[in-house]
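Dear colleague,

I am handing over the structure below, and after it I have set out what was found. Please read the notes with the model open beside them.

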Amino acid sequence: MDKRVVNADSAIARIQDGATIMMGGFGLCGIPENLIDALRRKGAKDLTIISNNAGVDDFGIGLLLQNKQVRKMISSYVGENKMFEQLALKKEIDVELNPQGTLAERIRAGGAGIRAFFTPTGYGTAAAEGKETREFDGRQCVLVPWLRAQFAFIKGWKGDRWGNVTYRKTAGNFNEMMATAADYVIAEVEEIVDLGKLDPNCIQTPGVFVDAIFQGANYKKRIERRTVRKR
Amino acid sequence: MSSETETRDVIARRVARELHDGMYVNLGIGLPTRVPNYLDPGTEVIMQSENGMLGVGQYPYEGEEDPDIINAGKETVTELPGTSYVSSAASFGMIRGGHIDVTILGALEVDEKGNLANWAIPGKMLKGMGGAMDLVAGAKRVIVAMEHTTKEGKPKIMTRCRLPLTGVGVVNLIVTELGVIEVMPKGLLVRELSPGVTMDDIQKATEAKLLTTASA
């Protein structure tokens, strides 16, 4: 078994206009930089992107917005991106906002075969509008469906040819759930290692979830808010 | 109060007194991030960040920033001995599952039923609720830390929130530069007045009717 592909361009060859794609990352941390660049080069349009945030104007998902490739975003917070704001105001892009924990759990449920679940999050708010509610032990809850996609773009730290993936520190975030919740999952990692080199106790995404894997190049890992203290 | 920074530090210092050794705490963006500066030495409080970090340390020294270690405000932070990392789903499991003792966040409006509005202003670009709705629904105790009124001097503590809600009946305590207010079944009880502040002062800056220990 060998799930390695040569690069991001070949990994995304099957993506068509109108595709729904999950993209890991929180802010600019743990985003699939190589796959986003390849998708911009390919130019596929009318995409629905499921990602916690929308990048910044000139990096991450912002690059796809700039190129007018995105029709809809499913996110929890899109506030760092002026391009997004302009597209939304001109109604050139749709946005579906989810509470962040609900978004994470919908994706987890999608990967775990749970069709829908009741959560107390957002009861009595705009997030519950049009949704079924039910009381459990005196607590009002909202019914939300799972979330799946045709493709998922995952950014890992290390991986192997079986598609096993580990994540580094807070760069794991949404990647781990998204790796389970799409029909075709592509993982880019900083380093492909030989089979057996990853500690089996530390593999966060076992290979069964991954369809294609490659070693990414030229990671910029841009920092969104550089905060430091004095020595 | 002579400046906005001083006001915010007064609030942060008072909120710090609500945190005790062994607590797991999630801090919102802005004013709440000042709270750890005022913890007593020896008080070990574990900070959780909803992007998947338990045991958030200080900002890094210049030159030691790691792009893979950020908090929910997307700021570079550091890890501590004992820090752990989890996925976003597991992180919100901690929050929704009632494992986080306290969440401290800012507000646009709070009302006498403990309703909170802090994520959207009609007519302005919708940025999204992020993790706020999950935090107020899931944390054992919700503390609002904010300036008592808007920059224009308008009340933020209302009879009924007018802005879109973040949560219904979720707020437990409100800490402002004027005092400390607890959300009780009967309404808003003034627990403390800041030095030099009278009951009359705080009521004038508040839309909701405030209760005193005697009236509650």
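Over all chains the structure holds zero disulfides, a disulfide being a pair of cysteine sulfur atoms within 2.5 Å. Why does Cys29(A) have no such bond? The closest cysteine sulfur to that of Cys29(A) belongs to Cys202(A) and lies 19 Å away, which is too far for a bond. Cys29(A) is also buried, with a relative accessible area of 3% (buried means under 20%, exposed over 50% and partly exposed in between, with a 1.4 Å probe and protein chains only). Cys161(B) counts as buried too, at 14% relative accessibility.

A word on how to read these values: this is a predicted model, in which local features need pLDDT of at least 70 and side-chain atom pairs count only at pLDDT 80 or more, while totals for chains, interfaces and linings use all residues. Residues are numbered from 1 along each chain as its sequence is written, chains are lettered from A and ligands numbered from 1 in the order in which they are written, and side-chain values use heavy atoms, with hydrogens and water left out.

Turning to the interface, 43 residues of chain B are in contact with 50 residues of chain A, where contact means heavy atoms within 4.5 Å. The area buried between the two chains, that is, the accessible area (1.4 Å probe) that they lose on being put together, summed over both, is about 4100 Å², and carbon and sulfur atoms give 59% of it. The rule finds six salt bridges across this interface (a side-chain nitrogen of Lys or Arg within 4 Å of a carboxyl oxygen of Asp or Glu). One of the salt bridges joins Arg231(A) to Glu64(B), with the closest N and O atoms 3.3 Å apart. There are also 29 residue pairs in polar contact between chain B and chain A, both residues being at pLDDT 80 or more; a polar contact is a pair of N or O atoms within 3.5 Å, and within protein one must be able to donate a hydrogen and the other to accept it, while residues adjacent in sequence count only if both atoms are side-chain atoms.

On the side of chain B that touches chain A, strand 4 (79–85), helix 2 (88–96) and helix 3 (132–138) of chain B each supply at least two residues (helices, H or I, of at least four residues and strands, E, of at least two are DSSP runs, numbered from the N terminus). Helix 2 of chain B gives the most, with four residues.

Three residues show the interface in detail. Thr121(A), in the loop between strand 5 (116–119) and strand 6 (133–136) of chain A, is buried at 3% relative accessibility. The side chains of Thr121(A) and Asp134(B) are joined by a polar contact of 3.2 Å, and, not counting residues up to four places away in sequence, Thr121(A) also touches others, including Arg96(B), Met133(B) and Ala137(B).

Asn98(A) sits in the loop between strand 4 (94–97) and helix 5 (100–112) of chain A and is buried, with a relative accessible area of 5%. A polar contact of 2.7 Å links its side chain to that of Arg106(A); leaving aside neighbours within four places in sequence, the contacts of Asn98(A) include Met129(B) and Gly130(B).

Met125(B), in the loop between strand 7 (116–117) and helix 3 of chain B, is partly exposed at 23% relative accessible area. Not counting residues up to four places away in sequence, Met125(B) touches Val78(A), Phe84(A), Glu85(A) and Ala88(A).

With best wishes
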